[in-house]
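Reader: Hi! I'm new to this one and would love a friendly walk through it. Could you put it up so we can look together?

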Amino acid sequence: MAYVKNIFDKNFLEYASYVIRDRAIPDITDGLKPVQRRILHTLFEKDDGRFHKVANITGECMKYHPHGDASIYGALVVLANKEVFIDKQGNYGNLYTGAPASAARYIECRIRPLARDILFNPAISNYVPTYDGRGKEPVVFRSKLPLPLILGAEGIAVGMSTKILPHNLKEVINAEIACLKGEPFELYPDFQTGGIIDVSDYRDGLGKIMTRAKMDTSDPKRVVITELPAGTTSEQLIASIEAVAKSGKIKASSIDDYTTDKVEIEIKLQRGVYTQDVVDALYAYTDCEQNIACNLLVIKDNMPVVMTATEVIQYHAKQLQEILHDELEYEKATLTEKLHLRTIERIFIEERIYKSIEEMKTAEAVNKAVKDGFIPFAAELLRPLTDDDVEHLLKIPIRRISLYDINKNRQEVKEINARLKEIARLLKHIKEYAISWLEGIEDKATKALGTEFMTRKTQIQRFDAVDVKEVVKRDMPLRYDGKTGYLGTSVASGNEICKVSPFDRILILRKNGTYTVCDVPEKLFVDKGMWYCGLSDKDSLSNVLFTVVFRNKENKYPFIKRCRITQFILNRDYAIAPEGTEIMHIDTRDAFDFYVKFKPKPRQKQNEQLFHAGDYEEKGVKTQGVRLATKEAEKIVFNLKPDQPSLL
């Protein structure tokens, strides 16, 4: 068993680690999950400026992603609908209605040039062999922008999950610029479907937001939903509205969906019902208002880490400077090598060093002759001449030697030196260079994606959540049938106690003195006798003063207590009178008179006594009560005059 347990533990840990790092949680470096990264890598490799069938890209991507074509196709459609990196052609579904995309063989895509500017830098990226060893794929892309915030992400792993809301591209770029300048900044989510959000509890990406549909209420007899709340489609929204309309909570005569490339859901109201009567109900009962919890969990340094939006911006501001530094250093090394080659080419041709190899008969002799020819010009070289340099010189065609243009060479060398000088300046001012790069990419993104895409779509407002209990109308009759002992909203006969709603709770005080607070029942057997039944909300109960007259079971002495019921546990039975007593009467009037009839006994001069309930103080519900007399009580009588029989 121990052996099996060890195998199970080891395999489970490996599986959990795989799901967390390689499937569900995006990496902080590029904000992508592995399948998204492999899709973009495939598009970079296949890019020729023209559109490719999504089916072909899916097939090519399977060389890197061994989990079937369905997951690749689905991830590609989602990523393309983000509109940032993939240029799409064909039916990719409808974000508003939830309509699915066409089959992979019917739609096309290609990588946007913007993606190359932000992600593609193979010279300074790490690549690893693919799962079958036949190719290479990037470990991560070194992204110049904080894609976790731009794209958003959602994933469930083993024991953890992530929910990163998307943000506006322009606002993210401006936040990173502010971070580099040391200025304060704030970031809030922005959704493609628009809508309204309350970010009071956003907590920098670790709290929650309230999102609402945007409504046109200018017409008093209809409501038109023009923008959807985040994470909802028009079909889902209409389904929730229809369900509420059927239950009668919203009085709608028709619900029509005219959504295409813009949202338009029209709700026509019944006669006598106006817009202001249903707006709060739409927010309270339907998907027009929702709460979305956030959890900014990413993979950082190969470990899952919870970060704030501010920390992500700070991380990427530092990463951008590192990427730009590495790119400049790589360009500097490339240009330096190019300058060296142009220098040795000029010397080799101008000084006719190639003439010295005409009489040489072996490769070693040729190599030595070339190197010896450069000895007088060693001071002009950027580095010592190598065998590879000699090989490069020997491959120069005779035609190029004969047509060699010294002026062109000098111009090229001049341009290289100017660029090297510029690189040296940029390396000393890398932060300023990063800021200028961000400003430039903002302009490029605006031209490539359009001003509308870069403009915030979701409106930020402060609003309070609509409480269903405050919106609902109490229009359901609660009836009690004393003959059968049943209480509820579906009880057809009996007396109507009050009007209730499905969200109300009621207090039931039975004949035996036990009371219970419960949800409004459809049909509940209470007892064939009940002292009281009413709403149990704070306002209702605080206004009810219970006067309880009871007697001790042993000596029959009468007692009185006056109390209010303000604390209770739902669906739990309580006794309103102390244990070992019998209830004689319970009343809810603030003040009233009553007689206590005593058991007749020899030498007992008084067989009844008048009491004023208002003379006794209000106490707690757990008090034992105040004794009224030291005589055996038989019953309670109201409106009794001397020598008159009891009315009870």
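Reader: Let's start with the second largest pocket. Which elements each supply at least two residues of its lining?

Author: Those are β11 and α16, the latter covering 451-454. One thing to keep in mind as we go: this is a predicted model.

Reader: Noted! Which residues lie nearest the centre of that second largest pocket?

Author: Tyr96, Gln192, Asp261, Glu452 and Lys457 do, out of 24 residues that line the second largest pocket. Its volume is about 720 Å³.

Reader: And how does that lining divide by class?

Author: The second largest pocket has 9 charged and 9 polar residues in its lining, along with 6 nonpolar ones.

Reader: Okay, what about the largest pocket, how much space lies in there?

Author: About 1,300 Å³. The lining of the largest pocket is made of 45 residues, and those nearest the centre are Val78, Lys82, Leu151, Glu154 and Gln192.

Reader: Which elements give two or more residues to the lining of the largest pocket?

Author: There are helices and strands on that list: α1 (2-24), α2 (34-46), α4 (69-80) and α6 (147-151), then β6 (153-156), β7 (161-164) and β14 (289-293). The largest share comes from α4, with 6 residues.

Reader: How many nonpolar, polar and charged residues does the largest pocket have in its lining?

Author: The count is 20 nonpolar, 17 polar and 8 charged.

Reader: Switching from pockets to cavities: how many of 30 Å³ or more does the structure hold?

Author: Just 1 cavity of 30 Å³ or more. The largest cavity contains about 40 Å³ of space.

Reader: Which residues line that largest cavity?

Author: You'll find Pro26, Gly31, Leu32, Lys33 and Gln36 there, plus Leu79, Lys82, Leu151, Gly152 and Ala153. By class, the lining of the largest cavity has 5 nonpolar, 3 polar and 2 charged residues. Lys82 and Leu151 may ring a bell, as they are among the residues nearest the centre of the largest pocket.

Reader: Nice link! You mentioned β11 earlier. What order do the strands have in the sheet that includes β11?

Author: The order is β10-β11-β13-β12, in an open sheet of 4 strands with antiparallel pairing. At the edges sit β10 (214-216) and β12 (252-257), each pairing on one side only. From one strand to the next, the twist averages 20°.

Reader: What holds strands together in a sheet, generally?

Author: Strands pair through backbone hydrogen bonds, in either a parallel or an antiparallel way.

Reader: And here, how many bridges join β11 to β13?

Author: Strand β11 (residues 222-227) and strand β13 (residues 265-269) are joined by 4 bridges and run antiparallel. As an example, valine 224 has glutamate 266 in β13 as its bridge partner.

Reader: Which strands of that sheet does helix α8 touch?

Author: Helix α8, residues 234-246, packs on the sheet and touches β11, β12 and β13. The directions of α8 and β12 make an angle of about 170°. Another helix, α9 (residues 275-285), lies across β10, β11 and β13, and runs at about 45° to β11.

Reader: Let's jump to another sheet. What is the order of the one with β18 and β19 in it?

Author: That open sheet of 4 strands goes β20-β18-β19-β23, with antiparallel pairing. Its edge strands are β20 (495-500) and β23 (524-525). Strands β18 (residues 476-481) and β19 (residues 486-488) pair over 3 bridges, and aspartate 481 has tyrosine 486 in β19 as its bridge partner.

Reader: What about β3, which residue there stands opposite lysine 53?

Author: Glutamate 108 does. Glutamate 108 is also the bridge partner of glutamine 89. Strand β3 (residues 108-111) is joined to β1 (residues 52-53) by 2 bridges, and it pairs with β2 (residues 86-89) over 4 bridges.

Reader: Last one: where does asparagine 607 lie?

Author: Asparagine 607 is in the loop between β29 (593-598) and β30 (608-612). Leaving out residues up to four places away in sequence, asparagine 607 touches Val596, Lys597, Phe598 and Pro600.

Reader: Why does asparagine 607 count as partly exposed?

Author: Because its relative accessibility is 29%, and partly exposed covers what falls between under 20% for buried and over 50% for exposed.

Methods. Residues are numbered from 1 along each chain as its sequence is written. This is a predicted model: local features need pLDDT of at least 70, side-chain atom pairs count only at pLDDT 80 or more; totals for chains, interfaces and linings use all residues. Side-chain values use heavy atoms; hydrogens and water are left out. Two strands pair if DSSP finds at least two bridges between them. Axes are lines fitted to C-alpha atoms, for helices over the stretch in contact, and angles run from 0 to 180 degrees between N-to-C directions. Contact means heavy atoms within 4.5 Å. On a 1 Å grid over the protein atoms alone, a cavity is a set of points where a 1.4 Å probe fits but cannot get out, and a pocket is an open set with protein on both sides within 12 Å along at least five of seven lines; lining residues have an atom within 4 Å of a point. Grid points are joined across faces, edges and corners, and a volume is the space filled by probe spheres set on the points. Ala, Val, Leu, Ile, Met, Phe, Trp, Tyr, Cys and Pro count as nonpolar, Asp, Glu, Lys and Arg as charged, and the others, Gly among them, as polar. Buried means under 20% relative accessible area, exposed over 50%, partly exposed in between (1.4 Å probe, protein chains only).
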